[in-house]
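Here are a few short exercises to work through with a structure viewer open. Try each task yourself before reading its solution.

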Amino acid sequence: QVQFVESGGGSVQAGDSLRLSCAASGLTSASYTMGWFRQAPGKEREFVGLIIGGGSATDYADSVKGRFTISRDNAKNTVYLQMNNLKPEDTAVYYCAATSNYYANLPDWYKYWGRGTQVIVSS
């Protein structure tokens, strides 16, 4: 059974940093392209970034480029989302997900999802 557990969310002030973790079980996350998405209240789930399966290449949404960094620790079967200089508009529930596609920035292309972790950024 595939399972992702996100952690590291919380309530912070604008300008602060958080590191989210996505611990995988039931699959080898290194073999999958792992994506991070977020969903704010009343809004659609949106792409944040991804790390390509089998490698370390990453891509990010323009809204987070230069502030967020995705990495993975294959030994721990865990993917991370380092978020710096957080802004109130980053407030959302953050999800990690896995796809067998090489590159995918739409939620529908991802098969496995975690339950999410809440991030609240106050000004």
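The exercises below go from the overall fold to one strand and its partners, and they rest on a predicted model.

**Exercise 1.** Find how many helices and strands the protein has.

*Solution.* Start with the counts: there are zero helices and 11 strands. Reading along the sequence then gives the pattern β-β-β-β-β-β-β-β-β-β-β.

**Exercise 2.** Work out whether the radius of gyration agrees or disagrees with that of a compact globule.

*Solution.* First take the expected value: for 123 residues, a compact globule would come out near 14 Å. Next take the value for the protein, 13 Å, which agrees. For the outline, the C-alpha atoms fill a box of roughly 40 × 25 × 25 Å along the principal axes. Finally, turn to burial: 43% of the 123 residues count as buried, meaning under 20% relative accessible area.

**Exercise 3.** Determine which strands are joined to β4 by bridges, and how they run.

*Solution.* Begin with β4 itself, residues 33-39, where six of the seven residues are buried. One partner is β9 (residues 92-99), joined to β4 by seven bridges in an antiparallel arrangement. Within this pairing, M34 has A98 as its bridge partner. Another partner is β5 (residues 46-51), also antiparallel to β4, with five bridges. Here G35 is matched with L50.

**Exercise 4.** Locate the residue with a positive phi in the turn between β4 and β5.

*Solution.* The two strands form a hairpin with six residues between them. Look in that turn for G42, whose phi is about 80°.

Technical notes
Residues are numbered from 1 along each chain as its sequence is written. This is a predicted model: local features need pLDDT of at least 70, side-chain atom pairs count only at pLDDT 80 or more; totals for chains, interfaces and linings use all residues. Side-chain values use heavy atoms; hydrogens and water are left out. Helices (H or I, at least four residues) and strands (E, at least two) are DSSP runs, numbered from the N terminus. The radius of gyration is taken over C-alpha atoms; the globule rule is 2.2 Å times the number of residues to the power 0.38. Buried means under 20% relative accessible area, exposed over 50%, partly exposed in between (1.4 Å probe, protein chains only). Two strands pair if DSSP finds at least two bridges between them.
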